[in-house]
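Biologist: Could you take me slowly through one part of this model, explaining each term as you reach it?

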Amino acid sequence: MYQPYPSTGKPVEPDRPPAPQSVLNAVKLMYVGAAVSTVSLIVSLASIGGTKDAIRKARPSLTATQVNQLNTFIIALAVVSGVIGVARANGQGKNWARILSTVLFGLATLDLFGVLSQPKTLLGLVFPVLIWLVGLGAVVLLWRGESTEFFKPRRMG
């Protein structure tokens, strides 16, 4: 009598070799970028000043400024969480993550142009430039030759 081999129901993927150093370094840079973004977020929230006090005084409705600040916080938190997930996927050789990382870096470049076109304090300029430089390093590493080889689809057999 034939008994099928137990399965989880997931398609079997061929073994992928360990990630090359360029991919490992790109993933580390993505984690650094997430950390810098988190620090930037904390500094931004700390410099807002009276917002926390205003919220604590518990007005039943939020002002437009409070809504904007909360919105910025939620977006930043989502971006940091997303970067961590994309970094992990890059470390696993998922080509979609490498492409998404490149697209996000393109958007970060456009955002940096916007930041540079506005009057800023030195602190307001340091974090966006630092995050952009980290992103540049990660994308360059993701598209190196040994990285490209790692991201190629594997064949069974």
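Biologist: Among contacts in the protein chain between residues at least 6 apart in sequence, what percentage join residues at least 24 apart? After that, please look closely at the largest nonpolar core.

Modeller: This is a predicted model, in which local features need pLDDT of at least 70 and side-chain atom pairs count only at pLDDT 80 or more, while totals for chains, interfaces and linings use all residues. Residues are numbered from 1 along each chain as its sequence is written, and side-chain values use heavy atoms, leaving out hydrogens and water. The percentage is 78%, with contact meaning heavy atoms within 4.5 Å.

The protein chain has 6 helices and 0 strands (DSSP runs of H or I with at least four residues, and of E with at least two, numbered from the N terminus). The largest nonpolar core (buried Ala, Val, Leu, Ile, Met, Phe, Trp, Tyr and Cys joined through side-chain atoms within 4.5 Å) has 11 residues, among them A19, A26, A87, A138, L141, L142 and F151. Two or more of its residues come from each of α1 (21-47), α5 (122-142) and α6 (145-151), and α1 gives the largest share, 4 residues. Beyond its neighbours within four places in sequence, A26 is in contact with A138, L141 and L142.

Those three residues of α5 are buried (under 20% relative accessible area with a 1.4 Å probe, protein chains only), as are F127, V134, G135 and V139. These buried residues lie on the same side of α5, because they cover an arc of only 165° around the axis, taken from the directions from the helix axis to the C-beta atoms.

Methods:
Buried < 20%, exposed > 50% of the residue type's maximum accessible area, 1.4 Å probe, protein only.
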